[in-house]
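The following note sets out points for a colleague to consider when examining the coordinates. Each point is a short paragraph and may be read separately.

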Amino acid sequence: MHGRLTLEEFSARLDELYRARDDQALAAVLRDLPVPQESGPRIGRRSWLITLIGSVQRRGPWRVARRVFGFSLLGAPDFDFRQAVIGDAEVRIVSFSIVGVLTAIVPAGIDVELRGAGLVGGNDLMTNELVEPAPNGPRIRIWAFALIGGARVRQVRSELAAPRNAAP
């Protein structure tokens with residue numbers, strides 16, 4: 001009936017869920033349930049961040065576009081992904097700075113890749129411990145290029161809520 005479970009079926013599946021001890025047993029319980037369609041407002045495909053003498057910040061709950069392009073002159077973008085809503089499996093950030101440093105805080109468990117170059121400066125990916133990315137979790141790819149500066153990405157265990165995927 002419209003992809004919904006009766007109360008009896010729900011109760012039986014819930015019992016099966018509690019008894020499941022591995023991924024195969026969990027998959028068997030969910031075998032014929034419909035895959036939820038994307039709901040809510042669609043996150044934009046591209047976002048542009050331009051800064052002249054200053055910085056632009058993305059903190060707290062915010063929606064991450066699939067592609068983020070940034071340019072800064074005497075400033076830099078500052079991203080905090082601990083409460084970000086990530087709508088795609090992969091996010092790409094490309095930043096060009098003339099005297100500036102891109103900074104980002106990424107919660108542990110998210111696969112993050114940092115590339116690029118700084119003519120005077122460089123790119124640093126810092127983490128306190130080796131943490132495996134979450135299976136099927138989002139991936140953040142950052143390319144940072146700077147004339148004087150670079151990028152500083154810090155992967156942390158978050159006290160704040162972890163990033164959410166847009167689909168329920």
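**Buried charges, strand pairing and the core**

1. Asp80 has a relative accessibility of 6%, so this residue counts as buried. Its salt-bridge partner is Arg82, with 2.6 Å between the closest N and O atoms. Arg82 is placed in the loop between β3 and β4. Because its relative accessible area is 18%, under the 20% limit, Arg82 is buried as well. The contact between the two side chains, at 2.6 Å, is also listed as a polar contact.

2. The model is predicted, and its confidence should be kept in view. The mean pLDDT of the protein chain is 80, and 83% of the residues reach at least 70. Which elements mark the two ends of the confidence range? Strand β9 (residues 164–165) has the lowest mean pLDDT, 55, whereas β5 has the highest, 91.

3. The structure contains 11 salt bridges. One of these pairs Asp88 with Arg66 through their side chains, at an N to O distance of 3.1 Å. Asp88 belongs to the loop between β4 (85–86) and β5, and Arg66 to the loop between β2 (63–64) and β3, so the bridge ties together parts that lie 22 residues apart in sequence. Asp88 is buried at 16% relative accessible area. Arg66, with a relative accessibility of 19%, also counts as buried.

4. A further salt bridge joins Glu113 to Arg141, where the closest N and O atoms are 3.2 Å apart. This pair links distant parts of the chain, since Glu113 is in strand β7 and Arg141 is in strand β8, 28 residues away. Glu113 is buried, with a relative accessible area of 12%. Arg141 is buried at 18%. Which residues are joined into one network by salt bridges that share partners? The network consists of Glu90, Arg92, Asp111, Glu113, Arg115, Arg139 and Arg141. In general terms, side chains of opposite charge can pair when their charged atoms come close.

5. Strand β8 takes part in several parallel pairings. With β5, strand β8 pairs in the parallel sense over eight bridges, and Glu90 stands opposite Arg139 of β8. Both Glu90 and Arg139 are members of the salt-bridge network described above. Strand β6 also runs parallel to β8, and eight bridges join them; here Ala104 faces Val153 of β8. Between β7 and β8, likewise parallel, there are 16 bridges, and Gly121 has Gly149 in β8 as its bridge partner.

6. The largest nonpolar core has 23 residues, of which Phe79, Phe81, Ile93, Ile140 and Ile142 touch the most other members. Which elements give two or more residues to this core? They are β1 (46–58), β3 (67–80), β5 (90–98), β6 (100–107), β7 (111–127) and β8 (139–156). The largest share, five residues, comes from β8.

7. Ile142 brings the core and the charged residues into one view. Apart from neighbours within four places in sequence, its contacts are Ile93, Leu102, Ala104, Glu113, Leu114, Arg115 and Val153. Among these, Ile93 is listed with Ile142 among the core residues that touch the most other members. Glu113 and Arg115 belong to the salt-bridge network, and Ala104 and Val153 stand opposite one another in the pairing of strands. As a general consideration, side chains in a regular strand alternate between the two faces of the sheet.

8. Asn123, in strand β7, deserves separate inspection. Is this residue buried or partly exposed? Asn123 is partly exposed, because its relative accessible area is 23% and the buried class requires under 20%. Beyond four places in sequence, its contacts are Leu114, Arg115, Gly116, Ala117, Ala144, Gly150 and Ala151. Two of these contacts involve backbone atoms: the side chain of Asn123 places a polar atom 3.3 Å from the backbone oxygen of Ala144, and reaches the backbone nitrogen of Ala151 at 2.9 Å. The C-alpha atoms of Asn123 and Thr103 are 9.9 Å apart, with their positions 20 residues apart along the chain.

Note on methods
Residues are numbered from 1 along each chain as its sequence is written. Side-chain values use heavy atoms; hydrogens and water are left out. A nonpolar core is a set of buried Ala, Val, Leu, Ile, Met, Phe, Trp, Tyr and Cys residues joined through side-chain atoms within 4.5 Å. Buried means under 20% relative accessible area, exposed over 50%, partly exposed in between (1.4 Å probe, protein chains only). Helices (H or I, at least four residues) and strands (E, at least two) are DSSP runs, numbered from the N terminus. Contact means heavy atoms within 4.5 Å. pLDDT is the predictor's confidence in each residue, from 0 to 100. A salt bridge is a side-chain nitrogen of Lys or Arg within 4 Å of a carboxyl oxygen of Asp or Glu. Two strands pair if DSSP finds at least two bridges between them. A polar contact is a pair of N or O atoms within 3.5 Å; within protein, one must be able to donate a hydrogen and the other to accept it, and residues adjacent in sequence count only if both atoms are side-chain atoms.
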